[in-house]
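Got a few minutes to spend with a protein chain? Turn the picture around as you read, and pick out each residue when its name comes up.

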Amino acid sequence: MTSTMPGAREPALVEAFVALADTLIDDYDVIDLLHRLVETCTHLLAADAAGILLCDGRGQLRVMDCSTKGARLLELFQLQAHEGPCLDCFHAGRAVSAPDVTEIADRWPQFAPRAVQEGFRAVHALPMRLRSVTIGGLNLFAAQPGPLPPEDLRVGQALADVATIGILHERAAHRGEILTEQLQTALNSRIIIEQAKGVLADRSGLDFPDVVALLRAHARRKGLRLSDVARGVVEGSMTPDRPQQAQARIEGS
């Protein structure tokens, strides 16, 4: 498609950025954010289709969203063939443009003919990055050969940057939730262990260091977590043996 004239599309760009920003507030949805991104690119930029590749937790690129079936097939093909402008963009962390894929077939011998087969002659890949961290790529596909207008390049990169900030924020928040849950679990375990120490100290007359050693020894013998043994002591379902008692039991069996 032909990109809208800069002055004429200004209201649409403002609306697009507002819409992307809105997805970062309340009920954040990464999938909705990515869908809005590819939709906006095809409406406002010189692109007939758009696609997004994102890096998963294992460092593997995945196709996250595409505006057309042809774009999705081409994105998947790049991942399978391990070549193409979108992969180069991700690994280099900078924009990669192929204004006419037929003229650089020697660089991507498998990708170039497949792009033409899917109906695309030009591909422009923009990194989704924040400083030194690259998490994926925003890829623009055009049916006709030609460079991406400089204004479209700046707008496309800005849109990718907004989406990147949103995704990284969501990932950080998710990690924060996991850390909070882990901390709370640790605190809960600490409380139950302290309770168990008190119960055993009252029952056995042992000092706290000896009680802790008793709990740990029982946990190792039974293959249990220390917190599980402590919970059993507090609930009355478990009574750890002193070392000499355990040895006597073994010898008597």
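Here is a walk through this chain, from its overall layout to some of its charged side chains.

One thing to keep in mind: what you're looking at is a predicted model. Start with the broad view. The chain has 9 helices and 5 strands. If you trace it along the sequence, you'll meet them in the pattern α-α-β-β-α-α-β-α-β-β-α-α-α-α. Of its 253 residues, 42% are buried. The chain exposes about 13,800 Å², and 54% of that comes from carbon and sulfur atoms. Now think about who touches whom. Take the contacts between residues at least 6 apart in sequence: 58% of them join residues at least 24 apart.

Next up, salt bridges. Side chains of opposite charge can pair when their charged atoms come close. How many salt bridges does the structure hold? The count is 8, and we can visit some of them.

Find aspartate 88 and arginine 107, whose side chains meet in a salt bridge with an N to O distance of 3.3 Å. Aspartate 88 lies in helix H4 (residues 85-92), while arginine 107 is in the loop between strand S3 (96-98) and helix H5 (111-117), so this pair ties together parts that are 19 residues apart in sequence. Both partners are partly exposed: aspartate 88 has 25% relative accessibility, and arginine 107 has 45%.

Another pair involves that loop between S3 and H5. Arginine 121 and aspartate 100 meet through their side chains in a salt bridge, at 2.8 Å from N to O. Which parts of the chain does this pair tie together? Aspartate 100 is in the loop between S3 and H5, and arginine 121 is in the loop between H5 and strand S4 (122-130), so the linked parts are 21 residues apart in sequence. Is aspartate 100 buried or exposed? The cut-off for buried is under 20% relative accessible area, so aspartate 100, at 11%, counts as buried. Arginine 121 comes out at 27%, which makes it partly exposed.

You can make the same kind of check on arginine 114 and glutamate 118. Their side chains form a salt bridge too, at 3.1 Å from N to O. Arginine 114 is partly exposed at 22% relative accessibility, whereas glutamate 118 is buried, with a relative accessible area of 19%.

Now move further along the sequence to helix H7, which covers residues 208-222. Lysine 222 lies in this helix, and its 54% relative accessibility means it counts as exposed. Lys222 also belongs to a patch of positive charge on the surface, together with Arg216, Arg220 and Arg221.

Charged residues turn up in another arrangement as well: Arg225, Asp228 and Arg231 are linked in a network of salt bridges.

Finally, look for serine 227 in helix H8, which spans residues 226-235. What does serine 227 touch, leaving aside residues up to four places away in sequence? Its contacts are Ser189, Ile192 and Ile193. With a relative accessibility of 11%, serine 227 counts as buried. Compare that with lysine 222, which counts as exposed, and you've got an example of each kind to find in the picture.

Technical notes. Residues numbered from 1 in each chain as written. Predicted model: local features only at pLDDT ≥ 70, side-chain atom pairs only at ≥ 80, totals over all residues. Heavy atoms only, no water. Helix = DSSP H or I, 4+ residues; strand = E, 2+ residues; numbered from the N terminus. Buried < 20%, exposed > 50% of the residue type's maximum accessible area, 1.4 Å probe, protein only. Contact = heavy atoms within 4.5 Å. Patch = residues over 30% accessible without salt bridge, like charges linked within 9 Å, V, L, I, M, F, W, Y side chains within 5 Å. Areas by Shrake-Rupley, 256 points an atom, 1.4 Å probe, with all protein chains shown as cover. Salt bridge = Lys/Arg side-chain N within 4 Å of Asp/Glu carboxyl O. Lys, Arg positive; Asp, Glu negative; His and termini not counted. Charge placed at Lys NZ, Arg CZ, Asp CG, Glu CD.
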